[in-house]
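Visitor: I have a model open on my screen and would like to understand the words used to describe it. Could you walk me through them?

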Amino acid sequence: MSETRAERVTRSLVRDVELPGGAGTLALLTLDNGLDHTKPSTLGPLGIAELTERLAELRARAARGEIAAIGITGKPYFLAAGADLTAVSTITTHEAALGLGRAGHAAYELLHDAGVPTFAFVNGLALGGGLEIALNCDYRTVASDAAALGLPETGLGLVPGWGGAYLVPRLVGIEKAVDVILTRPAQNKPYKPAEAATLGLVDVLLDSADFLEQSLAWAARVVRGEVVVERRPLDPQPVWDAVVGAARQRLDAVVHRSRPAPYRALDLLAGARTATRAEAFAAEDAALADLIMSDEMRASVYAFGLVSGGKRPVGAPARELARPVTRVGIVGAGLMAAQIALLVAQRLGVPVVMRDLDEERVAKGVGYVRTSVEKLVGRGRMTADAAARILASVEGTTDIQAFAACDVVVEAVTEVLSLKKRVFAELEGIVSPETILATNTSALSVTEMAADLQHPERVVGIHFFNPVAQMPLVEVVQAEHTSQEALATAFAITSKLRKTAVLVRDRPGFVVNRLLVLVMGKVVEAIENGTAVQVADQALAPLGFPMPTFELFDLVGPAVGLHVLTSLRADLGDRFPASPGLEKLVADGTRVVLDAPAPGLHRPVDPAIQGVFGPALEAGVTGQHGTPVLDGPGVLDSVLTALTVEVGHMLEEGVVAGPPQIDLCMILGAGWGFHTGGITPYLDRTGCSERVLGRRLLPDGVANVPA
């Protein structure tokens with residue numbers, strides 16, 4: 001069998017194993033792509049074809065009485081990471097897409113109808129089609145150290161297309177199936193082995209040290225009839241219908257039908273109770289084929305590639321240039337500073353010192369670290385020993401001389417340029433010549449911050465996002481004089497902190513705040529011009545942000561948003577609108593959003609803020625600034641036009657290496673919808689980039705169905 005350029009073939013390697021206790025011979029099939037432990041096995045058309053051949057041979061052997069059972073496992077650390085998305089994204093016809101679904105079902109059906117018991121020994125990561133291999137077997141064991149189990153397809157613009165939508169609700173019930181197929185993928189949160197066992201996705205959790213031996217022993221007991229695994233009955237139809245109906249309401253409230261995949265998956269779940277196995281699999285084939293040919297899937301695969309490849313930052317200096325970091329200083333002890341201190345202590349494992357002006361602030365910062373650690377221990381997410389180590393490594397002080405022995409000092413004080421300049425000036429007289437000085441500024445000029453220093457080359461921006469522990473992005477800012485050593489050290493630190501770093505040039509707002517604040521500013525501008533707040537708040541639903549505009553505004557903080565909007569307007573001009581209404585809202589401390597109507601739903605905008613911005617007018621009427629009042633689509637078009645203009649300016653300025661880095665920043669730093677692929681594919685698909693800039697931002701066919 002030859003390999004195509006688009007597919008690294010995962011081989012199906014078979015060997016016979018004698019089950020203990022005289023239970024007979026088990027044919028053990030191992031999935032292995034021949035690469036090292038960093039490259040997971042995936043399943044493309046050629047790999048599926050070989051799997052089908054091997055399983056057909058094993059079924060024939062079973063019919064002849066040569067084997068008593070079939071087992072399937074993977075190479076070290078992986079069962080399989082699902083379908084080969086690179087190969088899938090090259091499919092150009094609906095017929096070929098339909099064939100892929102049917103081929104997977106045909107292969108996996110051989111596990112279900114083998115004539116002897118079939119076992120999946122989930123020795124490592126099992127996602128998507130990899131987990132569906134296990135689901136199609138009669139029995140499943142899992143290693144305690146397997147990296148992750150899950151069905152992430154709806155987060156990638158697809159559906160579980162090789163049996164998952166039919167089999168999962170039969171194993172765990174319809175309510176938990178909704179969590180497996182819809183909720184967890186939306187959160188990008190696969191299951192840990194213990195969770196999968198508790199849920200019922202697998203039958204037995206076994207220690208990883210001798211996992212295969214234990215799995216074979218357990219399989220032998222099943223074959224001999226000593227172990228009987230009970231399966232739950234189907235949920236009653238009324239329960240099934242009620243769960244599906246509630247899930248559909250949640251989708252409508254959160255997704256607003258902006259993407260088809262979760263709705264197609266829910267349709268499959270809805271029909272899974274009464275459909276035959278063949279009918280359900282045919283429905284999966286049809287849904288999978290339609291979605292493979294959708295822009296959502298292509299965009300999601302593009303986004304997945306960006307996020308997966310983001311661990312290797314474009315433009316980062318050689319790692320060898322990074323300086324050793326044995327002690328880190330944090331200037332400030334406020335919430336952001338304390339979050340950074342905790343993360344550094346956890347991930348870098350070095351002493352951390354926080355310094356602030358008075359004992360009360362210092363105590364509050366150290367107290368935040370202590371409380372956070374205690375919560376992690378209480379939830380079982382941190383051991384008592386690890387907690388003790390972290391608490392012992394974080395100290396607070398009012399003495400600036402405590403920074404003298406630090407290799408890196410990160411300032412996290414208020415966003416005031418003069419204050420940050422003063423901090424760095426004080427530090428330069430205390431720290432060693434080799435110490436790296438980093439700023440957590442979200443929008444201010446790092447170059448100006450370092451301008452008066454004797455050694456501005458040691459200053460670099462390391463912009464964390466709030467909340468620090470959860471947000472995966474860090475913008476590493478290269479100022480005018482930043483040295484390669486300072487940059488390399490910043491990238492080394494962010495890598496050890498398990499963050500995705502993007503190199504950005506020192507321009508106002510960098511990437512995320514420049515674009516995100518522009519979005520907020522244009523929405524507010526529309527309201528000040530007469531658009532009803534509820535209309536404007538929901539206008540951006542197609543962009544796939546994690547929450548409506550004003551809920552996001554409330555999370556960022558209206559005062560912070562206003563400060564950044566004002567500074568960007570001062571630096572970049574009236575492309576960033578002024579907002580008297582927002583100034584009044586901040587000055588008066590007006591509430592922005594109400595409480596959520598139900599758990600899991602978004603917090604709606606408070607209608608009372610309409611009075612802050614001005615009266616709502618009917619669409620089409622001239623607003624208070626003499627321009628037409630916009631309806632929802634008009635607000636969206638206004639935002640997209642402004643974003644296109646700004647992206648064009650950012651690329652001309654060389655803020656990042658190219659459009660993919662802007663997409664990566666917006667996906668990880670602003671929650672831009674994964675299903676859109678990022679901001680630049682969306683602007684290309686909607687025609688905005690060609691209409692506004694006269695050109696596409698990405699090559700034709702990238703992140704969308706080829707013409």
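Visitor: Why is Ala 501 called buried?

Guide: In this predicted model, Ala 501 has a relative accessibility of 3%. Buried means under 20%, so Ala 501 counts as buried. You will find Ala 501 in strand E17. Its C-alpha atom is separated by 9.9 Å from that of Gln 661, 160 residues apart along the chain.

Visitor: What makes Arg 498 exposed?

Guide: Its relative accessible area is 60%. Exposed means over 50%, so the word exposed fits Arg 498. Arg 498 belongs to the loop between helix H18 (484–496) and strand E17 (500–505).

Visitor: What is the phi of Arg 498, and is the value positive or negative?

Guide: Phi of Arg 498 is near 65 degrees, which is positive, and the residue is not a glycine. Most residues other than glycine have a negative phi.

Visitor: Which loop holds Asn 188, and is Asn 188 buried or exposed?

Guide: Look between helix H6 (174–187) and helix H7 (193–199) for Asn 188. It has a relative accessibility of 68%. With exposed meaning over 50%, Asn 188 counts as exposed. Asn 188 is not a glycine either, yet it has a positive phi of about 50 degrees.

Visitor: How do you know whether the peptide bond from Asn 466 to Pro 467 is cis or trans?

Guide: Look at omega: for the bond from Asn 466 to Pro 467 it is near 0 degrees, and the bond is cis. Most peptide bonds are trans. Pro 467 sits in the loop between strand E15 (459–464) and strand E16 (473–478).

Visitor: Let's turn to helix packing. Why is H13 called oblique to H14?

Guide: Two packed helices are described by the angle between their axes and the distance between the axes. Helix H13 (residues 335–347) and helix H14 (residues 359–378) have axes that cross at roughly 50 degrees and come within 9 Å. An angle under 35 degrees would count as roughly parallel, and roughly perpendicular runs from 65 to 115. The angle falls in neither range, and that makes H13 oblique to H14. The crossing of H13 past H14 is right-handed.

Visitor: Which residues make the contact of H13 with H14?

Guide: From H13 they are Leu 335, Ala 338, Gln 339, Leu 342 and Gln 346, and from H14 they are Gly 365, Tyr 368, Val 369, Ser 372, Val 373 and Leu 376. By class, the contact of H13 with H14 has seven nonpolar, four polar and no charged residues.

Visitor: What makes H5 oblique to H6?

Guide: Helix H5 (residues 164–172) packs with H6 at an angle of about 135 degrees, their axes being 7 Å apart. Roughly perpendicular covers 65 to 115 and roughly antiparallel needs over 145, so an angle between those ranges makes H5 oblique to H6. H5 passes H6 in a right-handed crossing. The residues in contact include Val 168 and Pro 169 of H5, and Val 180 and Ile 181 of H6. The contact of H5 with H6 divides into eight nonpolar, one polar and one charged residues.

Visitor: And why are H21 and H22 called roughly perpendicular?

Guide: H21 and helix H22 (residues 558–572) pack at about 90 degrees, with axes 6 Å apart. Roughly perpendicular means 65 to 115 degrees, and therefore the term applies to H21 and H22. Phe 553, Asp 554 and Val 556 of H21 meet Pro 558, Val 560 and Gly 561 of H22.

Visitor: Why does Asp 554 count as partly exposed?

Guide: Asp 554 has 27% relative accessibility. Buried would need under 20% and exposed over 50%, so Asp 554 counts as partly exposed. It is found in helix H21 (residues 549–556). Leaving aside neighbours within four places in sequence, Asp 554 is in contact with Val 592, Val 593 and Arg 603.

Visitor: How do you know that Leu 693 counts as partly exposed?

Guide: Leu 693 has 28% relative accessibility. Partly exposed lies between the 20% and 50% cut-offs, so Leu 693 counts as partly exposed. Leu 693 lies in helix H28 (residues 688–693).

Key: Residues numbered from 1 in each chain as written. Predicted model: local features only at pLDDT ≥ 70, side-chain atom pairs only at ≥ 80, totals over all residues. Heavy atoms only, no water. Axes fitted to C-alpha atoms, helices over the stretch in contact; angles between N-to-C directions. Helix = DSSP H or I, 4+ residues; strand = E, 2+ residues; numbered from the N terminus. Left-handed = near helix turned anticlockwise from the far one by under 90°. Contact = heavy atoms within 4.5 Å. Nonpolar A, V, L, I, M, F, W, Y, C, P; charged D, E, K, R; others polar. Buried < 20%, exposed > 50% of the residue type's maximum accessible area, 1.4 Å probe, protein only.
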